[in-house]
Amino acid sequence: MKCMKIYILIFNLLLACQVYSSDHSGKDQMNDIHFNQYADFPKQWSLITIRFRKDTSEMRLTYANELALKTMQKGSIDYPDGAVFAKTGIHTGHDPQFPSSVVPQGIRRYQFMVKDKKKYATTNGWGYALFDPQGKTFGEDPKITQDACYACHTIVENRGDVFSTPFSFTEKAKFMPAQVKAMEVNLSFETIQVKKLSPQIAQLIPNSFKKIRSLKNPKLRKNVFQGTLDEMKP
């Protein structure tokens, strides 16, 4: 795991100037996805599942609009144009009067996935956008953010690039063997000798390290960031 973290650190260092060379924060749209267009999603759409990020202590509530929900209910992964998912990332903390519980403590971010096969053809028909609690963009380059989102979602190509599966109070959740197999393939690594790396990268690695582990999946390797690995590791 230490080698993995060093690999990610190197990747981040190499991209730092590119990501933060200009400030992209404060806008109400990203990737032609306007926050105000979907601002009422918690009232208008169906809550389909809840996840808890153990690495960041973040609660995530995922909603689907009617087109996305109907596709899921049919058991299909062929999402039509206009299907949209919205995710609310929520900070959590402990209730001082109930210390064994974890409670929500404010919005961290909003995330959207919008299906438009023509407009977002380079990311398999899905457009991605992230907004802060005020519905404004963060400072990162939207192109890099979008590519990182898409790379992560390729892990679940067998689900139509959608991580979420509808939660049911009456049916036991299923995790199909095909889904497990797909994740194992996408998360495979190879060991590389440091001396075989480019000088630009090799000089950033401590001398005590002779090898590093590198993701085999080219899409993930190109756009990987620590958050992706945190979400995917067991």
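Is F35 buried or exposed? I looked this up before anything else in the predicted model. F35 has a relative accessible area of 10%. Buried means under 20%, so F35 is buried.

**Entry: aromatic pairs**

I counted the ring pairs and found 13 aromatic pairs in the structure. I then took the pair of F35 and Y110, whose ring centres are 5.2 Å apart. The planes of F35 and Y110 stand at 50°, so I noted the pair as tilted. F35 belongs to helix α2 (residues 35-38) and Y110 to strand β6, so I checked the separation along the chain: 75 residues, a link between distant parts. Y110 is also buried, with a relative accessible area of 15%.

I looked next at F41 and W45, which form a tilted aromatic pair. The distance is 5.9 Å centre to centre, with 45° between the planes. Both F41 and W45 are buried. I followed the ring pairs onward and obtained a cluster of F35, Y38, F41, W45, Y63, Y110, F112 and F131.

**Entry: strands β3 to β6**

I went along the strands in order. Strand β3 (residues 46-53) pairs with strand β4 (residues 58-64) in the antiparallel sense, over 7 bridges. For R51 I found the bridge partner R60 in β4. The hairpin of β3 and β4 has 4 residues between the strands, and I noted a positive phi near 55° at S57.

β4 also runs antiparallel to β5, and 7 bridges join the two. I looked up L61 and found its bridge partner in β5 to be T88.

Strand β5 (residues 84-95) is mostly covered, with 9 of its 12 residues buried. On to strand β6 (residues 98-115): I counted 11 bridges between β5 and β6, which run antiparallel. K87 stands opposite Q111 in β6. The hairpin that joins β5 to β6 does so through 2 residues.

**Entry: helix α5**

I checked the span of helix α5 (residues 142-153), which has 12 residues. From first C-alpha to last, α5 reaches 16 Å, close to the 16 Å expected at 1.5 Å a residue.

Which contact did I find at the start of α5? A side-chain oxygen of D141 comes to within 2.8 Å of the backbone nitrogen of K143.

How many of the 12 residues of α5 are buried? I counted 9, and recorded the helix as mostly covered. The buried residues in α5 are T145, Q146, D147, A148, C149, Y150, A151, C152 and H153.

Notes. Residues numbered from 1 in each chain as written. Predicted model: local features only at pLDDT ≥ 70, side-chain atom pairs only at ≥ 80, totals over all residues. Heavy atoms only, no water. Pairing = 2+ DSSP bridges. Expected span 1.5 Å × (residues − 1). Buried < 20%, exposed > 50% of the residue type's maximum accessible area, 1.4 Å probe, protein only. Polar contact = N/O pair within 3.5 Å; in protein donor to acceptor, adjacent residues only side chain to side chain. Phe/Tyr/Trp six-rings, centres within 6.5 Å; stacked < 30°, edge-to-face > 60°.
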